[in-house]
Amino acid sequence: MTRGESTMQRVAVLSDAETATGYRLAGASVIEANPDNAVQTLEQAITEGGYGLIAVDTGLIPDPTTATARIMRGRDLPILLPIPSLRDAFSSDTVDAKAYMGKLVRDTIGFDIKL
């Protein structure tokens, strides 16, 4: 690598079409998928995309690391970051969306935040 050459890696979010709009409004690059083609779409992004990080909606792929183990073998990048699905927070199975979000914060940082 020569001096001044960029090593910047791209970042993207793998999401469903409905949630993708919010990520785009926040300025994120989005790769859209649905549950039927999510693994195939992620594998294509891994092999062809030049991404350093892909945040993966767990509503599409609950465990992206396991789902892509074969294609990731021998690769350092991209890093796959599972992100909780917004659909889970507001699904019919979730009784209390506020409690669900509180649990996500607690699991992520290790303690509760009360406002």
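Which residue meets Glu-32 in a salt bridge? The partner is Arg-24, and the two side chains approach to 2.9 Å, N to O. The structure is a predicted model, and the sections below treat its charged pairs, its buried residues and its surface.

## Salt bridges

Two salt bridges are found in a search of the whole structure. In the pair formed by Arg-24 and Glu-32, Arg-24 is partly exposed, with 41% relative accessibility. Glu-32 is likewise classed as partly exposed, at 39%.

The side chains of Arg-70 and Glu-43 also meet in a salt bridge, at 3.7 Å from N to O. This pair links distant parts of the chain, since Arg-70 belongs to helix 4 and Glu-43 to helix 2, with their positions 27 residues apart in sequence. Arg-70 has a relative accessible area of 58% and is therefore exposed, whereas Glu-43 is buried because its value of 18% falls under the 20% limit. In general, side chains of opposite charge can pair when their charged atoms come close.

## Helix 2 and its surroundings

Helix 2 spans residues 38-48, and its buried residues are Ala-38, Thr-41, Leu-42, Glu-43, Ala-45 and Ile-46. An α-helix has 3.6 residues a turn, so residues three or four places apart point the same way. The buried residues of helix 2 pack against four strands and two helices by name: strand 1 (10-15), strand 2 (30-32), strand 3 (51-57) and strand 4 (79-83), together with helix 3 (64-67) and helix 4 (69-72).

Glu-43 is one of the buried residues of this helix. Leaving aside neighbours within four places in sequence, Glu-43 is in contact with Ala-67, Thr-68, Arg-70 and Ile-71. Arg-70, its salt-bridge partner, is thus also listed among these contacts. Just after helix 2, Gly-50 adopts a positive phi of about 70 degrees.

## Buried positions in strands 1 and 4

Ser-15 lies in strand 1 and has a relative accessible area of 0%, which means that this residue is buried. Not counting residues up to four places away in sequence, Ser-15 touches Ala-20, Tyr-23, Ile-31, Glu-32, Ala-33, Asp-57 and Leu-60. Among these contacts is Glu-32, the residue that forms a salt bridge with Arg-24.

Ile-83 is placed in strand 4 and is buried, with a relative accessible area of 15%. Apart from neighbours within four places in sequence, Ile-83 is in contact with Val-13, Tyr-23, Ala-55, Val-56, Asp-57 and Thr-58. Val-13 and Ile-83 are 70 residues apart in sequence, and their C-alpha atoms are 9.1 Å apart in space. Tyr-23 and Asp-57 appear in the contacts of Ile-83 and also in those of Ser-15.

## Aromatic rings

The charged end of Arg-10 sits over the ring of Tyr-51, at 4.3 Å from the ring centre. The number of aromatic pairs is zero under the rule for ring centres within 6.5 Å.

## A nonpolar surface patch

Val-105, Ile-109, Phe-111 and Ile-113 make a nonpolar surface patch of about 360 Å². Ile-113 is found in the segment after helix 6 (97-109). With a relative accessibility of 53%, Ile-113 counts as exposed, because exposure is assigned over 50%.

Note on methods:
Residues numbered from 1 in each chain as written. Predicted model: local features only at pLDDT ≥ 70, side-chain atom pairs only at ≥ 80, totals over all residues. Heavy atoms only, no water. Patch = residues over 30% accessible without salt bridge, like charges linked within 9 Å, V, L, I, M, F, W, Y side chains within 5 Å. Areas by Shrake-Rupley, 256 points an atom, 1.4 Å probe, with all protein chains shown as cover. Salt bridge = Lys/Arg side-chain N within 4 Å of Asp/Glu carboxyl O. Buried < 20%, exposed > 50% of the residue type's maximum accessible area, 1.4 Å probe, protein only. Phe/Tyr/Trp six-rings, centres within 6.5 Å; stacked < 30°, edge-to-face > 60°. Lys NZ or Arg CZ within 6 Å of the ring centre and 35° of its normal. Contact = heavy atoms within 4.5 Å.
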